[in-house]
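Me: I would like to go through this model with you, one question at a time. Please reason from the coordinates and finish each reply on the value or name I ask for.

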Amino acid sequence: MQNDIQDSTLKNENVPLMNDLLYLCFALNSDSFFRDFQRALGFYFFIFLVAEPGVEVEVEVMEPQDEEEIHNCLIKLRNNPQRRSDKVYIGCGAGFGGDRPLAALKLLQRVPELNYLVLECLAERTLADRYQIMMSGGDGYDSQISNWMHMLLPLALERGTCIITNMGAMDPLGAQQKVLEIANSLGLNVSIAVALEVSVTNIGSGFSPAKSYIMEGGISTYLGAAPIVRCLEKYQPNVIITSRIADAALFLAPMVYELGWNWDELEHLTQGSLAGHLLECGCQLTGGYFMHPGDKYRDMSFLQLLDLSLPYAEICFDGQVWVAKAEGSGGVLNFNTCAEQLLYEVGDPGAYVTPDVVIDFQDVSFLPLSSSRVLCLGAKPSTVSVPDKLLQLVPQDCGWKGWGEISYGGYECVKRAKAAEYLVRSWMEEIFPGLNHRILSYVIGFDSLKATSSNENEWSQMTSEDIRLRMDGLFEQKEQAIHFTREFTALYTNGPAGGGGISTGYKKETLLEKHLVKREDVFWRTGIKRNTGSRSNKVVDPEHNLGHILTLPPKLQAETDKSSSEFVSLGNGCSPAPSGQKIPLYNVAHSRAGDKGNDINFSLIPHFPPDYERLKLIITSQWVKSVVSRLLDLSLSPDLDASNQRDKWVNENVKVEIYEVKGIQSLNIVVRNLLDGGVNCSRRIDRHGKTISDLILCQQVVLPP
């Protein structure tokens, strides 16, 4: 009989009696008697280690896992869901895998009413990296979970705040065991649930709860909120660790559970998912990734940026949603930050697909109520309200990356970089003919991001005295990638004068292929582990009392409060952009860019909302293509034939979709097939395409009257 195992501590005076009872169970050789024995005693099956009388021994607690706990992803209505509260408070503790645990702890301290804290730490890039690490014998879960839980568990348990995270990645059960070990080391009582995808082949071969159900081949499907809701219903845990669950669903799940929503209450689900989408990227909602010196509409002090608050949401049972930041914190939360995050990576805003509901964001609007609170209105179900298929990611080898960098400075440094590029390409051609199309070159400090005007005359006049040549190749064979790094290193003695600081590297790259699969063909299960014993969850470690860190000097606090309040009404005092003259798009709008696979998504949000009507007249598909086509250049100085081939490829393969978002009077633009294969295999320095927002904004435009 196999079960999940975990640790606890018990005095061994009880061991003789329990040993006799357990011996009776095994002697009878009856699983049914054994299960009845468990239920009659009202606790889970314990295995005891024999020790001297009076000595504390480690106890491993095993929880039964029944086969009925395997579910497919078909929508099943909840049975008489109960409203547990009229509103729920949900915070975002992390917006990506590289976020700051200390910021999450500050949010917990500053907002004591938080019921849930979500750590959203999984993306396509991190999922692919985790798969490679796991295949090499490393952890299939995010190894940083140790740092996060050491920092957050004590205060979260004291406050009664449930932590939900997708840091389980490829191996939630391994992450569950790691967090249990951390809790034991901190002397904390904790219950840790898991919600994870399981494979059909594993189910067919016989259910075994103790088995690590890592999906075969690293396959990972975007699950919805239902697995987390099930964990909350069944276990009421302190921590929930998941595999790949859609970002917004991590936040939607506790709303469904606490507010008594059902899966057919689509108006509520769309508003809840709106809140989740706004929260999922953390400080991007509260002024992070927004500050822009020189832009009078987005400038803020360094201090204000330093004291960012992670966001949280207040959600009412009737679907009302407010997003907020901690009172007295820095950053900014207003119409513009909400608008940027609303359109971030959504594709068609009229049909934003999540596993639980397809949302129409076109009429969403934001009403700032103070410098730290915004009312969010207008999300509604799309025409097709629930997707019948789910997005599945399948790892595939996409070759070997080889790269090299070298710095040049001073007089004609760009020409020397071009000479170095020519040499490396020529040397590679001697050994491996026909591979030049696999190599991408750019000069950091000159054209690596292509973030300049598309005007060729301005481009040719650019100068720099401190640059770094980078060349990236994506090859079919490891041998080719290694040879590339050797040829690049040869620039030290065979290249132009004054080159230094060479660095090279190579690695295997994994692409996550996307497939749509039927809901009934995707399965998930839940589980729980608890430790027990005479422990206290009261925080006594002064390390977790960081009030001194959170308090700014009065003068600086006043400056932060003043700056934050000034941002609340931005847009109301703006005036129309001038017409009939060339102006940078910066003066008309702001933007944020994000990626989905090989596609880029960027917004254009006017500073003066009525300018939206004039923007629509000049932002056309052809205009967008003309601006972004330079991103597809392979070399530093493409000749005429290369430029013509590029333009032909752009016309045949690059597709531009422009969406109007009337609720916030903005445009959302999707450009398909632009990102060199996507984040997991791109040869560009900006794999995600995030800098494209500034490439767009630096363009000169002429607005009509």
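Me: Which helix gives the most to the lining of the second largest pocket?

Reply: This is a predicted model, and in it two helices, α13 (413–431) and α21 (640–653), each supply at least two residues of the lining of the second largest pocket. Of the elements that contribute, the one that gives the most does so with five residues, and that is α21.

Me: Which residues lie nearest the centre of the second largest pocket, and how much space lies in that pocket?

Reply: The lining of the second largest pocket consists of 30 residues, and those nearest its centre are His-437, Leu-632, Asp-633, Leu-634 and Arg-683. By class, the lining has twelve nonpolar, eight polar and ten charged residues. The space in this pocket comes to about 770 Å³.

Me: What percentage of the residues in the protein chain is buried?

Reply: The protein chain has 22 helices and 29 strands, and its accessible surface comes to about 29000 Å², with 52% of that belonging to carbon and sulfur atoms. Among contacts with a separation of 6 or more, 78% are between residues 24 or more positions apart. Of the 705 residues in the chain, the buried share is 56%.

Me: Which helix supplies the largest share of the largest nonpolar core?

Reply: The largest nonpolar core has 76 residues, and the members that touch the most others are Met-255, Ile-315, Val-323, Leu-342 and Phe-366. The largest share of this core amounts to nine residues, and these come from the helix spanning residues 247–259, which is α9.

Me: How many residues are in the second, separate core?

Reply: In soluble globular proteins, nonpolar side chains tend to be buried together. Here a second, separate core includes Ala-103, Leu-180, Cys-283 and Tyr-312. One of these, Ala-103, is also among the buried residues of α3. The number of residues in this second core is 42.

Me: How many of the ten residues of helix α3 are buried?

Reply: Helix α3 spans residues 101–110 and is mostly covered. Its buried residues are Ala-103, Ala-104, Leu-105, Lys-106, Leu-107, Leu-108 and Gln-109, a list that takes in a lysine and a glutamine. The count of buried residues in α3 is therefore seven, going by the cut-off of under 20% relative accessible area.

Me: Is Leu-278 buried or exposed?

Reply: Leu-278 lies in helix α10 (residues 266–279). Leaving out residues up to four places away in sequence, Leu-278 touches Leu-285, Val-323, Cys-338, Gln-341, Leu-342, Phe-366 and Cys-376, and the contacts of Leu-342 in turn include Leu-274, His-277, Phe-361, Val-364 and Ile-664. Because its relative accessible area is 0%, Leu-278 counts as buried.

Me: How far apart in space are Leu-278 and Cys-92, C-alpha to C-alpha?

Reply: In sequence, Leu-278 and Cys-92 are 186 residues apart. In space, the C-alpha to C-alpha distance between Leu-278 and Cys-92 is 9.8 Å.

Me: What is the relative accessible area of Ser-372?

Reply: Ser-372 lies in the loop between β15 (365–370) and β16 (373–377). Beyond its neighbours within four places in sequence, Ser-372 is in contact with Val-323, Ala-324, Lys-325, Glu-327 and Leu-333. Ser-372 is buried, and its relative accessible area is 3%.

Me: What is the phi of Glu-345?

Reply: Glu-345 is found in the loop between α12 (335–342) and β13 (352–353), and with a relative accessible area of 14% Glu-345 is buried. Ala-169, in the loop between β7 (162–165) and α6 (172–186), likewise has a positive phi in a residue other than glycine, near 45 degrees. For Glu-345, which is not a glycine, phi is positive at about 60 degrees.

Me: Which residue is 554 residues from Glu-124 in sequence and 9.6 Å from it in space?

Reply: Glu-124 is found in helix α4 (residues 124–135), where it is buried with a relative accessible area of 13%. Not counting residues up to four places away in sequence, Glu-124 touches Tyr-222, Leu-393, Leu-512, Lys-514, Gly-597 and Asn-680. The residue at that C-alpha to C-alpha distance from Glu-124 is Gly-678.

Terms used: Residues numbered from 1 in each chain as written. Predicted model: local features only at pLDDT ≥ 70, side-chain atom pairs only at ≥ 80, totals over all residues. Heavy atoms only, no water. Core = buried A, V, L, I, M, F, W, Y, C linked by side-chain atoms within 4.5 Å. Buried < 20%, exposed > 50% of the residue type's maximum accessible area, 1.4 Å probe, protein only. Helix = DSSP H or I, 4+ residues; strand = E, 2+ residues; numbered from the N terminus. Contact = heavy atoms within 4.5 Å. 1 Å grid on protein atoms, 1.4 Å probe; cavity = no way out; pocket = protein on both sides within 12 Å on 5 of 7 lines; lining within 4 Å. Points joined across faces, edges and corners; volume = space filled by probe spheres on them. Nonpolar A, V, L, I, M, F, W, Y, C, P; charged D, E, K, R; others polar. Areas by Shrake-Rupley, 256 points an atom, 1.4 Å probe, with all protein chains shown as cover.
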